[in-house]
Amino acid sequence: MNKKTIGSSGLQVSPLGFGGWAIGGPFLLDGLPDGWGEVDDKESIRAVQTALDQGINFFDTADVYGTGHSEEIVGQALQGRRQDAVIATKFGFTYDAATRNVFTKLDVSRNYIRWACQASLRRLGMDYIDLYQIHPGDFSSEQLDEAIDGLERLKQEGLIRAYGWSTWSTANAEQFARKSSGAAIQHPLNVLSDDSSMVELCERHGLSSINNSPLAMGLLSGKFTAASSLPADDVRGSGHEWVQYFKDGKPLPEYLAKLDAVREILTSGGRSLVQGALAWIWGKSECTIPIPGLKNVKQVEEAAKAISFGPLTPSQMSEIEAILR
């Protein structure tokens with residue numbers, strides 16, 4: 001598979017990127033654990049470097065992942081190799097780094113955007129960010145206008161090369177596309193939770209569709225059963241209402257049933273389930289760029305190998321559509 005360009009930015013990325021939420025380690029969102037359990041920083045660094053060695057050059061993180069720790073790890077991993085990587089990070093949620101607590105209170109004002117950008121650059125050890133993304137998915141039109149203005153100023157100064165918005169809302173994405181010179185919308189997308197309307201919007205406006213949760217928070221790894229249970233220090237078991245595929249640490253039966261229904265198609269041609277899930281996303285559109293989370297070298301190697309298989313065929317995509325919907 002060839003490299004993809006992020007919107008009209010000219011940024012060339014591998015068809016697959018990796019997300020840095022998990023490597024941020026433990027942190028809290030409004031008092032509840034929002035990380036993915038304990039992490040080994042040395043293994044995280046090896047995972048990022050392995051991805052780069054495998055030809056994956058796109059890495060997505062956020063200032064709130066571990067309240068800065070994920071950005072620090074990405075920066076350490078890419079020391080001396082900055083020119084080989086395309087770095088995306090996010091801003092907009094406020095946080096206390098000392099207590100590792102993220103607040104639902106958001107700030108997308110011009111002054112905050114500048115402060116957050118400079119803080120991220122320090123943690124990353126870099127002098128520019130390739131793709132700077134608004135992290136909160138919903139706020140007023142007036143706030144969006146101010147955020148776009150702030151981002152345009154950073155772009156003019158060379159502190160960022162392009163910008164985007166991480167949002168699930170097609171109405172918000174439409175507004176963003178019409179008002180800005182943004183390059184991407186980041187949004188959830190996977191075979192168990194399709195969002196064709198957002199993908200079509202990105203195609204229509206020439207935006208990249210950057211896909212978080214491409215493995216349904218790990219459900220599409222195939223390692224979970226009805227008997228599985230995750231601890232309370234894992235975001236999937238900590239009680240957040242917005243977690244979609246797990247409740248109280250247990251995978252939801254309806255999603256396990258959906259997975260069983262399409263497992264054979266996803267694993268056809270020698271693919272693993274992970275590789276099939278990524279192939280489905282590539283089969284949706286040329287503009288999609290899945291970013292599964294990375295935590296260790298083994299995960300990186302399995303996901304990177306998906307590129308050699310390429311997308312599912314149109315007939316496989318249609319068959320899955322008929323089964324699930």
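## Helix 2 and its surroundings

In this predicted model, the buried residues of helix 2 pack against three helical and strand elements: helix 1 (41–53), strand 7 (86–91) and helix 3 (110–124). Helix 2 spans residues 69–77 and is mostly covered, with 7 of its 9 residues buried. The buried positions are His 69, Ser 70, Glu 71, Ile 73, Val 74, Gly 75 and Ala 77.

## The eight-stranded sheet

Strand 7, one of the elements against which helix 2 packs, belongs to an open sheet of 8 strands. The strand order is 3-6-7-10-11-12-13-16, and the pairing is parallel. Strand 3 (17–19) and strand 16 (288–290) occupy the edges; each has a single partner strand, so one side of each lacks a neighbour in the sheet. From one strand to the next, the twist averages 25°.

Within this sheet, strand 12 (residues 184–188) pairs with strand 13 (residues 208–212) in the parallel sense, through 5 bridges. Ala 184 has Ser 208 of strand 13 as its bridge partner. As a rule, the strands of a sheet pair through backbone hydrogen bonds, in either a parallel or an antiparallel arrangement.

## Helices lying across the sheet

Helix 3 lies across strand 7, strand 10 (129–134) and strand 11 (160–166). The direction of helix 3 is at about 135° to strand 10. Helix 8 (residues 273–284) lies across strand 13 and strand 16, and runs at about 165° to strand 16. Strand 16 is also one of the edge strands described above.

## Packing between helices

Two packed helices are described by the angle between their axes and by the distance between those axes. Helix 3 packs with helix 4 (residues 141–157) at an angle of about 45°, and their axes are 8 Å apart. The two helices are therefore oblique to each other, and helix 3 passes helix 4 in a right-handed crossing. Helix 3 contributes Arg 110, Ile 113, Arg 114 and Cys 117 to the contact. Helix 4 contributes Glu 146, Ala 147, Asp 149, Gly 150, Leu 151, Arg 153, Leu 154 and Glu 157. Classified by residue type, the contact of helix 3 with helix 4 comprises 5 nonpolar, 1 polar and 6 charged residues.

A second helix pair is formed by helix 5 (residues 170–179) and helix 6 (residues 196–205), whose axes come within 10 Å and cross at roughly 5°. That angle makes helix 5 roughly parallel to helix 6. On the side of helix 5, the contact involves Thr 170, Ala 173, Glu 174, Ala 177 and Arg 178. These residues meet Ser 197, Met 198, Leu 201, Arg 204 and His 205 of helix 6. The residues of the contact of helix 5 with helix 6 divide into 4 nonpolar, 3 polar and 3 charged.

## The four-stranded sheet

Another open sheet contains 4 strands in the order 5-4-9-8, with mixed pairing. Its edges are strand 5 (32–33) and strand 8, each with a single partner strand, so one side of each is left without a neighbour in the sheet. Strand 4 (residues 28–29) is joined to strand 5 by 2 bridges, and the two run antiparallel. Here Leu 28 has Pro 33 of strand 5 as its bridge partner. Strand 4 and strand 9, in contrast, pair in the parallel sense over 2 bridges, with Val 102 of strand 9 as the bridge partner of Leu 29.

Strand 8 (residues 93–96) and strand 9 (residues 101–106) run antiparallel and are joined by 3 bridges. Phe 93 has Leu 106 of strand 9 as its bridge partner. These two strands form a hairpin with 4 residues between them, in which Arg 100 takes a positive phi near 55°.

## The environment of Leu 16

Leu 16 is found in the loop between strand 2 (12–13) and strand 3. Leu 16 has a relative accessible area of 0% and is therefore buried, the cut-off being under 20%. Apart from residues up to four places away in sequence, Leu 16 touches Ile 56, Phe 58, Leu 278, Trp 282, Pro 290, Pro 292, Ala 303, Ala 304 and Ile 307.

The C-alpha atoms of Leu 16 and Ala 306 are 8.8 Å apart in space, although the two residues are 290 residues apart in sequence.

Notes
Residues are numbered from 1 along each chain as its sequence is written. This is a predicted model: local features need pLDDT of at least 70, side-chain atom pairs count only at pLDDT 80 or more; totals for chains, interfaces and linings use all residues. Side-chain values use heavy atoms; hydrogens and water are left out. Buried means under 20% relative accessible area, exposed over 50%, partly exposed in between (1.4 Å probe, protein chains only). Contact means heavy atoms within 4.5 Å. Two strands pair if DSSP finds at least two bridges between them. Axes are lines fitted to C-alpha atoms, for helices over the stretch in contact, and angles run from 0 to 180 degrees between N-to-C directions. Angles under 35 degrees count as roughly parallel, over 145 as roughly antiparallel, 65 to 115 as roughly perpendicular and the rest as oblique. A crossing is left-handed if the near helix is turned anticlockwise from the far one by less than a right angle, and right-handed if clockwise. Ala, Val, Leu, Ile, Met, Phe, Trp, Tyr, Cys and Pro count as nonpolar, Asp, Glu, Lys and Arg as charged, and the others, Gly among them, as polar.
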